[in-house]
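Reader: Could you zoom in on one part of this assembly and walk me through it slowly? I'd like the fold on either side of a contact before the contact itself, and then something to set it against.

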There are 8 protein chains.
Amino acid sequence: MVQAYILIQTEVGRAAEVAERIRGIEGVAEAHDVTGPYDVIAQAGADDIDSLGSLVVARIQRLDGIARTLTCPIVNI
Amino acid sequence: MVQAYILIQTEVGRAAEVAERIRGIEGVAEAHDVTGPYDVIAQAGADDIDSLGSLVVARIQRLDGIARTLTCPIVNI
Amino acid sequence: MVQAYILIQTEVGRAAEVAERIRGIEGVAEAHDVTGPYDVIAQAGADDIDSLGSLVVARIQRLDGIARTLTCPIVNI
Amino acid sequence: MVQAYILIQTEVGRAAEVAERIRGIEGVAEAHDVTGPYDVIAQAGADDIDSLGSLVVARIQRLDGIARTLTCPIVNI
Amino acid sequence: MVQAYILIQTEVGRAAEVAERIRGIEGVAEAHDVTGPYDVIAQAGADDIDSLGSLVVARIQRLDGIARTLTCPIVNI
Amino acid sequence: MVQAYILIQTEVGRAAEVAERIRGIEGVAEAHDVTGPYDVIAQAGADDIDSLGSLVVARIQRLDGIARTLTCPIVNI
Amino acid sequence: MVQAYILIQTEVGRAAEVAERIRGIEGVAEAHDVTGPYDVIAQAGADDIDSLGSLVVARIQRLDGIARTLTCPIVNI
Amino acid sequence: MVQAYILIQTEVGRAAEVAERIRGIEGVAEAHDVTGPYDVIAQAGADDIDSLGSLVVARIQRLDGIARTLTCPIVNI
């Protein structure tokens with residue numbers, strides 16, 4: 001199991017709707033609007049790093065209004 | 001009351017008109033064109049951090065010609 | 001109440017100890033080591049934006065091994 | 001006369017004292033602690049762009065606890 | 001007189017034509033394609049910081065294929 | 001002969017197809033999808049720095065779905 | 001098995017010695033000096049994302065002369 | 001022959017002395033203090049990309065007061 005924070009930049013004016021839609025995606029635990037260089041921060045989990053990559057590219061990045069995502073996998077070191 | 005600096009990147013060639021429109025928004029005290037990585041810097045205030053977020057997303061980001069905004073709330077520490 | 005994600009860069013080789021110490025600070029709900037441009041991501045809460053600023057500057061930034069922090073307050077818009 | 005915003009990163013834990021000292025420098029109109037990628041944002045003015053450069057390098061950057069400054073001159077376009 | 005370096009990001013695949021057109025603008029001394037985070041670097045001069053801002057916004061940013069410009073005025077300190 | 005790493009940002013949702021097409025370009029040795037601030041990292045070689053620039057601008061940046069490329073030439077120092 | 005590119009910033013003047021030492025670490029396939037925002041780019045592999053995190057923090061970041069590392073895990077999507 | 005712009009960040013308060021010393025290095029044509037995210041911008045040339053890398057690492061980065069350099073080779077495309 002791999003968990004990750006996903007730092008998201010949205011198109012201007014669309015942060016709230018993007019956060020709400022991301023919360024509806026399976027595997028996503030939380031998603032909040034934030035101020036600063038990112039617009040939405042989400043937490044998600046998947047079986048392994050490849051499934052996590054697929055979740056981000058095939059599910060989250062497909063949403064309308066997403067400009068960039070930055071996936072930060074949690075590591076237990 | 002929360003005050004913030006809002007660092008704004010505009011679409012190319014549109015900094016001057018964006019700055020002028022932002023100055024017309026209620027809650028905005030100042031907005032200037034600048035050189036450097038940002039094109040316009042504004043100062044604004046709202047009742048709390050949520051209202052500030054709404055001001056940025058619902059009023060400033062709705063303006064034509066805005067590419068990215070970066071909100072930096074002032075903190076008294 | 002204001003919640004925030006705090007994106008943290010540590011001095012090289014010190015991410016694990018920093019994450020552990022941050023988890024012991026009152027007001028911090030979670031802190032994890034991550035890969036990518038940040039080394040540790042934490043979630044914390046405080047009464048208002050000023051208390052949040054104080055928590056970050058007076059408690060988290062005082063820890064040995066912290067290089068930079070980037071506070072992203074959650075906004076409900 | 002050239003006015004500028006100066007976006008400042010401080011060493012960790014030193015934002016408050018830096019902001020206070022910058023407020024005491026001649027030519028500086030305001031300086032506030034902020035959250036986000038910068039720690040302090042100041043506004044200052046000088047006779048021309050060279051004097052502004054000198055103000056930043058010779059006065060502000062000489063302060064203890066400053067890590068990086070980013071000067072954004074205001075332009076009237 | 002104010003001189004500046006202008007660091008330019010172009011739309012993908014258009015660096016060469018952008019550099020060539022910028023070389024044709026009055027006030028621009030040089031413009032070259034480069035590798036790295038910027039695509040074209042130009043040198044230009046104007047009477048003062050406001051005229052420099054106008055040169056960048058009204059002449060350079062108006063060119064087709066420009067995505068972002070970052071103006072770095074030269075200071076004699 | 002100049003070798004380089006090319007760090008690529010793609011439009012959202014298109015990393016996989018971009019990586020596959022880049023692998024088909026002559027002079028490209030490898031191209032992989034990655035997580036983090038870049039979406040695809042490729043390795044390529046050309047006769048000299050100018051040919052490398054041409055490979056990136058004329059071949060890679062022409063692909064549909066590329067947003068930004070950052071070429072990092074290998075140097076033997 | 002997880003593979004990754006590791007983008008490394010070194011202290012000034014130390015890129016060559018850092019690249020050479022990284023090449024001697026078990027799990028590292030390649031490491032080269034580059035120009036651009038990073039100084040050295042390495043490729044490495046580990047059993048899983050946690051072991052990769054440990055390789056970076058416990059082996060690479062322990063080297064003298066490393067300032068920042070940015071790990072970009074390869075994903076097969 | 002390879003020409004390059006070298007974008008330099010200095011330690012705070014040391015931009016002027018760094019620019020002056022860089023101007024004295026063989027192969028450097030110009031070096032100026034600038035405002036913005038970089039403190040000094042230089043232009044230099046060398047026989048090939050490897051010699052350019054050596055010039056930057058062995059000569060420029062050895063100077064006291066340099067924090068980071070970003071080399072942007074000019075390409076003729």
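Author: Let's get one term out of the way: two strands pair if DSSP finds at least two bridges between them. Bear in mind, too, that this is a predicted model.

With that in hand, start with chain F. Four of its strands make an open sheet, and reading across it you meet them in the order β2-β3-β1-β4, with antiparallel pairing. The ends of that row are β2 (28-33) and β4 (66-73) of chain F, each of which pairs on one side only. Going from one strand to the next, the twist averages 20°. For one of the pairings in detail, take β1 (residues 2-10) of chain F, which runs antiparallel to β4(F) over seven bridges. If you want a spot to put your cursor on, A4(F) has P73(F) in β4(F) as its bridge partner.

Now add the helices of chain F. Helix α1 (residues 15-23) of chain F lies across β1, β2, β3 (40-46) and β4 of chain F, and it runs at about 170° to β2(F). Helix α2 (residues 49-60) of chain F likewise lies across β1, β2, β3 and β4 of chain F, this time running at about 165° to β4(F).

Over to chain E. Here too four strands form an open sheet, ordered β2-β3-β1-β4, and the pairing is antiparallel. β2 (28-33) and β4 (66-73) of chain E have a single partner strand each, so one side of each of these edge strands has no neighbour in the sheet. On average, neighbouring strands of the chain E sheet are turned by 20° against each other, ignoring direction. As a general reminder, strands of a sheet pair through backbone hydrogen bonds, in either a parallel or an antiparallel way.

Inside the chain E sheet, β1 (residues 2-10) and β3 (residues 40-46) of chain E pair in the antiparallel sense, with seven bridges between them. Y5(E) is a handy marker, with Q43(E) in β3(E) as its bridge partner. Helix α1 (residues 15-23) of chain E packs on the sheet and touches β1, β2, β3 and β4 of chain E, its direction making about 170° with that of β2(E). Helix α2 (residues 49-60) of chain E packs on the sheet as well, touching β1, β2, β3 and β4 of chain E, and its direction makes about 165° with that of β4(E).

So much for the two folds; on to where the chains meet. Chain E puts nine residues into the contact and chain F puts in ten residues. Together they bury about 800 Å², with carbon and sulfur atoms giving 51% of that area. Three residues stand out on the chain E side: V12(E), G13(E) and T35(E) supply 62% of the area that chain E buries against chain F, more than any other three residues.

What about charges? There is one salt bridge between chain E and chain F. R68(F) forms it with D39(E), and the closest N and O atoms are 2.7 Å apart. Four residue pairs are in polar contact across this interface. Sorted by class, the chain E side that touches chain F has three nonpolar, five polar and one charged residues.

And something to set it against: have a look at chain B and chain D. That contact takes 19 residues from each of chain B and chain D. The buried area comes to about 1700 Å², with 68% from carbon and sulfur atoms. On the chain B side, Y5(B), D33(B) and T35(B) lose the most area to chain D, together 27% of what that side buries. No salt bridges turn up between chain B and chain D, while seven residue pairs are in polar contact. The elements of chain B that give two or more residues to this side are β1 (2-10), α1 (15-23), β2 (28-33), β3 (40-46) and β4 (66-73). By class, the chain B side has 14 nonpolar, three polar and two charged residues.

Technical notes. Residues numbered from 1 in each chain as written. Chains lettered and ligands numbered in written order. Predicted model: local features only at pLDDT ≥ 70, side-chain atom pairs only at ≥ 80, totals over all residues. Heavy atoms only, no water. Contact = heavy atoms within 4.5 Å. Buried area = accessible area lost by both parts, 1.4 Å probe. Salt bridge = Lys/Arg side-chain N within 4 Å of Asp/Glu carboxyl O. Polar contact = N/O pair within 3.5 Å; in protein donor to acceptor, adjacent residues only side chain to side chain. Nonpolar A, V, L, I, M, F, W, Y, C, P; charged D, E, K, R; others polar. Axes fitted to C-alpha atoms, helices over the stretch in contact; angles between N-to-C directions.
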